[in-house]
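Trainee: I should like to understand the reasoning behind the terms used for this structure. May we go through them one at a time?

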Amino acid sequence: HARCGELIVPGSWSDPSSLRLQPGRWAMDNGAYSGLNVPAFMEMLERFHGRLGCRFVTAPDVVADAHATLQRWPFWSKVIRGVGFVPALVGQDGMTVSDIPWSEIGALFIGGSTEWKLGLQAATLVAYAKTRGLWVHMGRVNSTERIGYAARIGVDSFDGSQHSWFADRRIPESLSAIAATMQQGRLLS
């Protein structure tokens with residue numbers, strides 16, 4: 001769909017020349033939620049090297065573990081920047097504003113457990129990132145309710161597996177949910 005972007009994942013073996021990569025409307029994820037495959041992640045970075053307009057690349061993280069994610073950040077952020085992409089830090093359970101190396105990140109990806117990502121800490125990180133002018137993405141957004149929540153806290157983009165698996169149904173539903181949320185925001189302002 002014209003209003004949707006692309007989220008490239010390791011192991012999909014996407015051919016960059018076969019995709020309609022619009023500048024600022026595509027990004028790359030590390031696949032850690034399903035289990036990080038370092039060779040596939042590196043192959044993805046190499047395959048897309050030189051392609052312009054990538055919004056962000058998520059630095060490899062550890063799901064629901066802020067400490068382990070932050071320990072990985074220095075190495076992986078350098079790798080991502082080294083191949084010419086913008087690194088995104090994945091927010092995880094327990095991460096607070098003071099934990100994040102704000103001057104080093106190019107985007108914030110809200111990951112973590114469902115409970116955490118829908119909680120006050122994640123919403124606070126989003127608000128802080130937005131005041132710094134950073135792009136914020138939320139993963140695992142598969143329901144109309146979660147789309148509304150993501151929009152209300154200021155998330156710029158989101159992904160969810162249902163949008164790939166059931167694209168013909170879920171993308172139009174999601175676009176309608178976004179439009180409704182935006183309309184409600186205008187009515188409440």
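Mentor: Let us begin with a term: contact means heavy atoms within 4.5 Å. The model before us is predicted.

Trainee: Which residues does glycine 91 touch, not counting residues up to four places away in sequence?

Mentor: Beyond those sequence neighbours, glycine 91 touches Leu108, Phe109, Ile110, Gly111, Gly112 and Trp116. Glycine 91 itself is found in strand S4, residues 87-91.

Trainee: Why does glycine 91 count as buried?

Mentor: Buried means under 20% relative accessible area. Glycine 91 has 0% relative accessibility, so it counts as buried. As for glycine 154, which is 63 residues from glycine 91 along the chain, the two C-alpha atoms are separated by 15 Å.

Trainee: What makes phenylalanine 56 and phenylalanine 109 an aromatic pair that is edge-to-face?

Mentor: A pair of aromatic rings is described by the distance of the centres and the angle of the planes. The rule asks for centres within 6.5 Å, and planes over 60 degrees apart count as edge-to-face. By this rule the count comes to six aromatic pairs. For phenylalanine 56 and phenylalanine 109, the values are 6.2 Å centre to centre and 80° between the planes, which makes the pair edge-to-face.

Trainee: Why is this pair said to tie together parts that are 53 residues apart in sequence?

Mentor: Phenylalanine 56 belongs to strand S3 (residues 54-58) and phenylalanine 109 to strand S5 (residues 107-110), so the pair links parts 53 residues apart in sequence. Both phenylalanine 56 and phenylalanine 109 are buried.

Trainee: Why is the pair of phenylalanine 75 and tryptophan 76 called edge-to-face?

Mentor: The ring centres of phenylalanine 75 and tryptophan 76 are 4.9 Å apart and the planes stand at 80°, so this pair is edge-to-face.

Trainee: How do you know whether phenylalanine 75 is buried or exposed, and what of tryptophan 76?

Mentor: Exposed means over 50% relative accessible area, whereas buried means under 20%. Phenylalanine 75 has 52% relative accessibility, so it counts as exposed. Tryptophan 76 has a relative accessible area of 10%, so it is buried.

Trainee: Which residues form one aromatic cluster?

Mentor: Trp26, Phe48 and Phe85 form one aromatic cluster. A ring also takes part in another arrangement: the charged end of arginine 55 sits over the ring of tryptophan 135, 3.7 Å from its centre.

Trainee: What is notable about phi of alanine 64, and why does this residue count as partly exposed?

Mentor: Phi of alanine 64 is near 65°, a positive value in a residue other than glycine. Alanine 64 lies in the loop between S3 and helix H2 (66-82). Partly exposed is the class between 20% and 50%; alanine 64 has 35% relative accessibility and therefore counts as partly exposed. Arginine 140, in the loop between strand S6 (135-138) and helix H5 (144-153), also has a positive phi, near 60°.

Trainee: What makes the chain as compact as a globular protein of that length?

Mentor: The chain has seven helices and seven strands, and from the N terminus the elements run β-β-α-β-α-β-β-α-α-β-α-β-α-α. Its radius of gyration is 16 Å, close to the 16 Å that the globule rule gives for 189 residues, so the chain is as compact as a globular protein of that length. Buried residues make up 42% of the 189 residues.

How values were computed:
Residues are numbered from 1 along each chain as its sequence is written. This is a predicted model: local features need pLDDT of at least 70, side-chain atom pairs count only at pLDDT 80 or more; totals for chains, interfaces and linings use all residues. Side-chain values use heavy atoms; hydrogens and water are left out. Rings of Phe, Tyr and Trp (its six-membered ring) pair if their centres lie within 6.5 Å; planes under 30 degrees apart count as stacked, over 60 as edge-to-face and the rest as tilted. Helices (H or I, at least four residues) and strands (E, at least two) are DSSP runs, numbered from the N terminus. Buried means under 20% relative accessible area, exposed over 50%, partly exposed in between (1.4 Å probe, protein chains only). A charge sits over a ring if NZ of Lys or CZ of Arg is within 6 Å of the ring centre and within 35 degrees of the ring normal. The radius of gyration is taken over C-alpha atoms; the globule rule is 2.2 Å times the number of residues to the power 0.38.
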